[in-house]
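Me: I would like to learn how to read a structure feature by feature. Can we take one as a worked case?

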Amino acid sequence: SQRVEDYMVNVLFGAFAHLGCSCVIKKPTKDVFADFVQKTSWHYLLIVEVKQMLSHGGAYTQLMDYYRKACEIHEKNRHGFKNGLNPCFLLHITESFGKLYGAINVNGMPAISLLKSVEFGDTANPLYALLTTIKEFLGRLQKLVFVESTVKAIGLDSFSMKVPLLKTGEDGGLKLCGQLSDAKDKLVFCAKLDSDVQVVAKLCSSYGQSVHQHMFSQGLAPDLLVCHETGSTNKREKWIVVVMKYLNHPTLQKFLSDGSHVNLIDQQKEAFRSQLTEIDRQLKEKEFVHGDLREPNFLLDQESRKFYLVDFDWSGKEGEAVYPQHVDVSKFYHPDAQGMCRIQSSHDTEQVMQLKKFFGE
């Protein structure tokens, strides 16, 4: 039994090395673990409990004990990582199943969520399934923590800046008012430009200005008012400030989640399908790609039966634009949509085809 558990531990930690786990301790005592946490500078903690049989209980309790201990040590040393959130993965492995939990420290209390449960007999490569989940949630967690820390650093109550207006070239005063309620995982804000004109502002590292402007010229996107690069010459510290006209329309995601599409008549469904076809055609005509034609990136005007496309962060010329490194591929419909791969027009077309199904095609 002990040899089996030792073998499972060795296999697991060999695999974890491919995820970039640079500090590994096998079977630490509580004192050794405490010393490791106190002396090591780490970004994420992965705690693994391996039991040969399900009947060997207490694994979840042991995982929680280790995590609580890590949080306590960081609190005492006053250097809680990731803004004190202390993100951690808790992995419970037996010979028949694997369970992966995500843990985060919220006001001194651990919040735990089951991320993935795999029955080893039902999955061709169960370890790969668990490791893929870890990688996916690392990217998602890193994004959430980054957004939270950036919003705090900006200081919305006092943030204001001058930005050059695209149409006139003159500077306009931009004041951020707060994050958009349906975009808490993004740096997208309600804002005011000069004479209390309500706009939407976002901070991003790249933006397809030409794609956005073309789609606006065809009545398929909000008016782009500002697209201004600011910050350091260092690429990692560069920001692009994007400001567009505020449109008081729900996203397609909200429209579908409310079930509103069920009550559409055939004529309305056809109008929305035609709009989606036109968006795809306009992108292809200029050899543009968008890369993220999902439900949250469409605003829907029910009265005029129009879609407005937003979020051009990844867009550009086909053959040049690429997906970001940590893209969540589970949200995309085309199997070739992968991190750092070139965005192809066929990917956009596939997403449009999937969206049309909500409107009867």
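Reply: Start with the naming. Helices and strands are DSSP runs, numbered from the N terminus. With that, Glu 287 can be placed in the loop between α7 and β11. One caution: this is a predicted model.

Me: What is the sign of phi at Glu 287, and about how big is the angle?

Reply: Phi is positive, about 60°, although Glu 287 is not a glycine. The residue comes just after α7. Arg 305 is another case, with a positive phi near 55° in a residue other than glycine. Arg 305 sits in the loop between β12 and β13. Its relative accessible area is 26%, so Arg 305 is partly exposed.

Me: How do I read a helix, then? Which residues of α7 are buried?

Reply: The general idea comes from the turn. An α-helix has 3.6 residues a turn, so residues three or four places apart point the same way. Now the case. Helix α7 covers residues 266-285, 20 residues in total. From first C-alpha to last, α7 reaches 28 Å, close to the 28 Å expected at 1.5 Å a residue. Its buried residues are Lys 269, Phe 272, Arg 273, Gln 275, Leu 276, Ile 279, Asp 280, Gln 282 and Leu 283.

Me: What do the buried residues of α7 pack against?

Reply: Two helices and three strands: α5 (209-217), α8 (345-356), β11 (288-289), β12 (298-301) and β13 (306-309).

Me: How do I read aromatic pairs? How many are there?

Reply: Use two values. A pair of aromatic rings is described by the distance of the centres and the angle of the planes. The count here is six aromatic pairs. One of them is Phe 272 with Phe 359, at 5.3 Å centre to centre and 40° between the planes, a tilted pair. Phe 272 lies in helix α7 and Phe 359 in the segment after α8, so the pair ties together parts 87 residues apart in sequence. Phe 272 and Phe 359 are both buried. Next, Phe 298 and Phe 307: the centres are 5.5 Å apart and the planes are at 70°, so this pair is edge-to-face. Phe 298 and Phe 307 are buried as well. Phe 272, Phe 298, Phe 307 and Phe 359 make up one aromatic cluster.

Me: How do I read a nonpolar core? Which members of the largest one touch the most other members?

Reply: The background is simple. In soluble globular proteins, nonpolar side chains tend to be buried together. The largest core here has 36 residues, and Tyr 207, Met 215, Leu 252, Phe 298 and Phe 307 touch the most other members. Helix α7 gives the most to this core, with four residues. A second, separate core has 15 residues, including Leu 174, Leu 193, Val 199 and Leu 203.

Me: What does Tyr 207 touch, leaving aside neighbours within four places in sequence?

Reply: Its contacts are Lys 202, His 212, Leu 224, Cys 227, Ile 240, Val 242, Met 244, Phe 312 and Asp 313.

Me: And a strand? Is β2 enclosed or open?

Reply: Check burial, then direction. Six of the six residues of β2 (residues 88-93) are buried, so the strand is largely enclosed by the rest of the structure. Cys 88, Leu 90 and His 92 point one way; Phe 89, Leu 91 and Ile 93 point the other. Strand β1 (residues 45-50) runs parallel to β2, joined by six bridges. Val 50 stands opposite Ile 93.

Me: How many disulfides does the structure hold?

Reply: Zero. The test is sulfur to sulfur, within 2.5 Å. For Cys 190 the closest cysteine sulfur, in Cys 177, is 6.9 Å away, too far for a bond. Cys 204 is in no disulfide either; the nearest cysteine sulfur, that of Cys 227, is 6.9 Å away. Cys 190 is partly exposed, with a relative accessible area of 24%, whereas Cys 204 is buried at 5%.

Me: Charged residues next. Is Asp 311 buried or exposed?

Reply: Buried, at 13% relative accessibility. Asp 311 is in the loop between β13 and β14 (316-317). Not counting residues up to four places away in sequence, Asp 311 touches Lys 186, Lys 202, His 290, Asp 292 and Asn 297.

Definitions and conventions
Residues numbered from 1 in each chain as written. Predicted model: local features only at pLDDT ≥ 70, side-chain atom pairs only at ≥ 80, totals over all residues. Heavy atoms only, no water. Expected span 1.5 Å × (residues − 1). Buried < 20%, exposed > 50% of the residue type's maximum accessible area, 1.4 Å probe, protein only. Contact = heavy atoms within 4.5 Å. Phe/Tyr/Trp six-rings, centres within 6.5 Å; stacked < 30°, edge-to-face > 60°. Pairing = 2+ DSSP bridges. Core = buried A, V, L, I, M, F, W, Y, C linked by side-chain atoms within 4.5 Å.
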